[in-house]
Amino acid sequence: MSKSPTQIHFVCRQHRASDFTDNGDGTFTTGLWRVCASAANSVQTISLHDTKRDTAWAHGDVLGRELVQSSGARNRYAFTVQQINADVSWPAAATGSSEKEYV
């Protein structure tokens with residue numbers, strides 16, 4: 001698994017409001033995701049998918065990232081993303097966990 005990805009794909013169900021905030025200005029903020037610091041700092045695009053089989057329902061360029069510390073949670077980041085309308089599929093050579101893939 002690459003520790004300096006340019007893309008991260010997450011399985012994030014569209015109906016789960018706690019994992020997504022539409023900021024109303026063409027940007028969105030993801031929920032909290034556990035990723036290593038090098039991945040959080042290198043990622044350039046984020047894609048959110050209902051399942052690995054579905055194209056992304058939200059996708060775009062990373063504008064910012066915030067490390068959120070809470071009790072028991074390490075390396076949890078929220079990303080602010082400029083929405084781009086594009087049909088983005090889950091990576092064909094996926095090797096990551098069930099809920100995220102680094103590319």
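Select His9 and Glu101 together, and you will see that His9 stands opposite Glu101 in β8, where strands are DSSP runs (E, at least two residues) and helices are DSSP runs (H or I, at least four residues), both numbered from the N terminus. Strand β8 covers residues 100-102 and runs antiparallel to β1, to which three bridges join it; two strands are said to pair if DSSP finds at least two bridges between them. The model is a predicted one, in which local features need pLDDT of at least 70 and side-chain atom pairs count only at pLDDT 80 or more, while totals for chains, interfaces and linings use all residues. Residues are numbered from 1 along each chain as its sequence is written, and side-chain values use heavy atoms, with hydrogens and water left out.

**Strand β1 and Phe10**

Keep His9 selected and add Ser47, because in β5 it is Ser47 that stands opposite His9. The two strands β1 and β5 pair in the parallel sense over five bridges, and another of the partnerships to display joins Val11 to His49 in β5. Four of the five residues of β1 are buried, so this strand is largely enclosed by the rest of the structure; buried means under 20% relative accessible area, exposed means over 50%, and partly exposed lies in between (1.4 Å probe, protein chains only).

Now select Phe10, which lies in strand β1 and is buried, with a relative accessible area of 0%. If neighbours within four places in sequence are left aside, Phe10 is in contact (heavy atoms within 4.5 Å) with residues including Trp33, Val35, Ile46, Phe79, Trp90 and Lys100. For a distance to try in the viewer, take the C-alpha atoms of Phe10 and Gly64, which are 54 residues apart along the chain and separated by 17 Å.

**Aromatic rings**

A search of the whole structure finds four aromatic pairs, where rings of Phe, Tyr and Trp (its six-membered ring) pair if their centres lie within 6.5 Å, and planes under 30 degrees apart count as stacked, over 60 as edge-to-face and the rest as tilted. Display Phe10 with Trp33: the ring centres are 4.1 Å apart and the planes are at 20°, so the pair is stacked. This pair links distant parts of the chain, since Phe10 is in strand β1 and Trp33 is in strand β4 (residues 33-34), 23 residues apart. Trp33 is buried too, with a relative accessible area of 7%.

Next select Tyr77 and Phe79, whose rings form a stacked pair with 6.2 Å from centre to centre and 25° between the planes; both Tyr77 and Phe79 are buried. Then select Phe20, Phe28 and Trp57, which ring pairs link into a cluster.

**Strand β5**

Which way do the side chains of β5 point? Thr45, Ser47 and His49 point one way, whereas Ile46 and Leu48 point the other way, and all are buried. In a regular strand the side chains alternate between the two faces of the sheet. Five of the five residues of β5 are buried, so this strand is largely enclosed by the rest of the structure.

Select Ser47 in strand β5, which is buried, with a relative accessible area of 2%. Its side chain makes a polar contact with the side chain of His59 at 2.7 Å; a polar contact is a pair of N or O atoms within 3.5 Å, of which, within protein, one must be able to donate a hydrogen and the other to accept it, and residues adjacent in sequence count only if both atoms are side-chain atoms.

On the other side of your selection, β5 and β6 pair in the antiparallel sense over four bridges, and Ile46 stands opposite Gly60 in β6.

**The nonpolar core**

The largest nonpolar core has 19 residues, and those with the most contacts inside it are Ile8, Phe10, Val35, Ile46, Leu48 and Phe79. Such a core is a set of buried Ala, Val, Leu, Ile, Met, Phe, Trp, Tyr and Cys residues joined through side-chain atoms within 4.5 Å. The elements that give two or more residues to this core are β1 (7-11), α1 (37-42), β5 (45-49), β6 (58-70) and β7 (73-83), and the largest share, three residues, comes from β7.

**The cysteines**

Finally, select Cys12 and Cys36. How many disulfides are there? The count comes to zero, with a disulfide taken as a pair of cysteine sulfur atoms within 2.5 Å. For Cys12 the nearest cysteine sulfur, that of Cys36, is 19 Å away. Cys12 is buried, with a relative accessible area of 1%, whereas Cys36 counts as partly exposed at 21%.
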